[in-house]
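Got a few minutes to go through a fold together? Have the sequence and the coordinates open while you read.

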Amino acid sequence: MVARGRRGTIGADTASADLPGGTQSIRRAVAVLRILATARETGLKLTEISRHAELAHPTTHRILSVLVAEGIVEQRPGTRRYVVGEQIPLLALSRRTCDPLLDIVSPHLKAAVAAIGDTGFLTRRTGLDTVCVARQLGTYPIQVLAWDVGDRRPLGVSNAGIAILSGMQTDAVRGVLARNRSRFSRYDISTETILREVATARARGFAVRARSLTPGSGSISVMIRSSSGAAHGALSITPISRRLSPRRTEEIVARLRMHAEAIELELRKAAASRSARS
């Protein structure tokens with residue numbers, strides 16, 4: 001049974017403490033939803049959400065109560081953990097447009113994985129997070145399933161996130177990391193470590209980790225730029241560690257770069273076509 005909050009008093013109480021029009025309340029609520037999205041079905045407790053959002057417990061509780069009352073968030077009665085509510089996927093049904101990035105990338109991801117043999121992923125940046133939007137299994141007997149489609153992590157935590165950050169200006173990177181700082185402790189990683197990895201990836205033109213977030217595996221990621229030139233996403237391959245020799249790393253990077261460049265070209269052509277029609 002889902003816990004329900006009281007809409008009237010909570011909404012008024014929250015708005016009175018925030019910016020005109022409830023702008024601050026809305027931003028805080030969206031931040032809470034993003035944090036919950038990273039936990040998926042496991043959910044998070046009030047104290048964890050409060051810490052990651054850098055909000056006081058009473059403020060976090062008020063926000064959660066409103067979201068629960070609206071069905072945007074649910075609270076599991078057994079664990080008292082909060083999870084994204086059923087209204088989110090139902091609201092998403094109203095948008096039937098497909099993702100042009102996914103349509104363009106899918107054949108390239110399949111081709112890259114077919115040539116390499118290890119699991120491949122397409123990760124996309126969305127605000128302060130990265131989201132896995134596609135996964136393709138390889139042919140090697142041992143496959144590393146580091147991400148499920150829909151998995152969300154703070155930008156900078158995953159190797160794909162490092163690749164994306166390496167394509168951004170340094171000031172922009174520091175801004176993202178500052179806003180995500182409180183969320184990094186869950187992954188046992190620091191802002192300083194991320195900055196070092198980003199600098200290395202920027203110099204190399206790709207991101208690599210001999211030991212990724214999944215034990216016993218590594219990760220290689222190459223950034224994809226949008227039609228406007230912004231760091232938009234990343235192609236990643238996650239082999240088991242013993243398959244990640246320096247020579248094989250070079251081979252994988254070359255393959256991923258080839259596909260990334262082809263994807264970027266198709267994105268620019270698609271954007272030009274849309275512009276010509278408008």
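What follows is a set of questions and answers on this predicted model.

Q: What pLDDT does the chain average?
A: Since this is a predicted model, confidence is a good place to start. Here 90% of the residues score at least 70. The chain average is a pLDDT of 86.

Q: Over which residues does pLDDT stay under 50?
A: Where pLDDT is low, the predicted coordinates should not be read in detail. The model does have 30 contacts beyond four places in sequence for the stretch in question, but its pLDDT stays under 50. That stretch is residues 1-21.

Q: Which strands sit at the edges of the open sheet?
A: The sheet has six strands in the order S5-S4-S3-S8-S7-S6, with antiparallel pairing. An edge strand pairs on one side only. That gives S5 (152-154) and S6 (207-209).

Q: By how many degrees are neighbouring strands of this sheet turned against each other on average?
A: The sheet in question is the open one running S5-S4-S3-S8-S7-S6. With direction ignored, its neighbouring strands are turned by an average of 25°.

Q: How many bridges link S3 and S4?
A: These two strands form a hairpin with two residues between them, and glycine 127 in the turn has a positive phi of about 65°. Across the pair, glycine 120 stands opposite glutamine 136 in S4. The pairing is antiparallel, and the number of bridges is seven.

Q: Which residue in S8 stands opposite arginine 124?
A: S3 also pairs with S8 in the antiparallel sense, over five bridges. Opposite arginine 124 you'll find glycine 233.

Q: Which residue in S5 stands opposite valine 131?
A: Look at S4 (residues 129-136), which pairs with S5 in the antiparallel sense over three bridges. Across from valine 131 stands arginine 152.

Q: At about what angle does H6 run to S3?
A: H6 (residues 100-116) lies across S3 (120-126), S4, S7 (219-225) and S8 (231-237). Its angle to S3 is about 150°.

Q: Which strands does H7 touch?
A: H7 (residues 159-166) is mostly covered, with eight of its eight residues buried; Asn159, Gly161 and Ser166 are among them. The helix packs on the sheet, its direction making about 40° with that of S7. The strands touched are S3, S4, S6, S7 and S8.

Q: Which element gives the most residues to the largest nonpolar core?
A: In soluble globular proteins, nonpolar side chains tend to be buried together. The largest nonpolar core has 22 residues, and Val105, Leu122, Ile224, Leu235, Leu256 and Ile263 touch the most other members. The elements giving two or more residues are H6, S7, S8 and H10 (246-277). The top contributor, with seven residues, is H6.

Q: Which histidine is in contact with leucine 235?
A: Leave aside neighbours within four places in sequence, and the contacts of leucine 235 include Val105, Leu109, Phe121 and Leu256. On the same list is the histidine, His259.

Q: Is arginine 243 buried or exposed?
A: Arginine 243 is in the loop between S8 and H10. Not counting residues up to four places away in sequence, arginine 243 touches Ile116, Asp118, Tyr140 and Arg248. Its side chain makes a polar contact with the side chain of aspartate 118 at 3.1 Å. Its relative accessible area is 19%, and the cut-off is under 20%, so arginine 243 counts as buried.

Q: What is the relative accessible area of serine 217?
A: Serine 217 is in the loop between S6 and S7. Beyond its neighbours within four places in sequence, serine 217 is in contact with Val144, Ala210, Arg211, Ser212, Pro239, Ile240 and Ser241. Serine 217 is buried, and its relative accessible area is 1%.

Q: How far apart in space are leucine 137 and aspartate 118, C-alpha to C-alpha?
A: Leucine 137 is in the loop between S4 and S5 and is partly exposed, with a relative accessible area of 47%. Past its neighbours within four places in sequence, leucine 137 is in contact with Val113, Thr119, Gln143 and Leu145. Leucine 137 and aspartate 118 are 19 residues apart in sequence. In space, the C-alpha to C-alpha distance is 6.7 Å.

Methods: Residues are numbered from 1 along each chain as its sequence is written. This is a predicted model: local features need pLDDT of at least 70, side-chain atom pairs count only at pLDDT 80 or more; totals for chains, interfaces and linings use all residues. Side-chain values use heavy atoms; hydrogens and water are left out. pLDDT is the predictor's confidence in each residue, from 0 to 100. Contact means heavy atoms within 4.5 Å. Buried means under 20% relative accessible area, exposed over 50%, partly exposed in between (1.4 Å probe, protein chains only). Helices (H or I, at least four residues) and strands (E, at least two) are DSSP runs, numbered from the N terminus. Two strands pair if DSSP finds at least two bridges between them. Axes are lines fitted to C-alpha atoms, for helices over the stretch in contact, and angles run from 0 to 180 degrees between N-to-C directions. A nonpolar core is a set of buried Ala, Val, Leu, Ile, Met, Phe, Trp, Tyr and Cys residues joined through side-chain atoms within 4.5 Å. A polar contact is a pair of N or O atoms within 3.5 Å; within protein, one must be able to donate a hydrogen and the other to accept it, and residues adjacent in sequence count only if both atoms are side-chain atoms.
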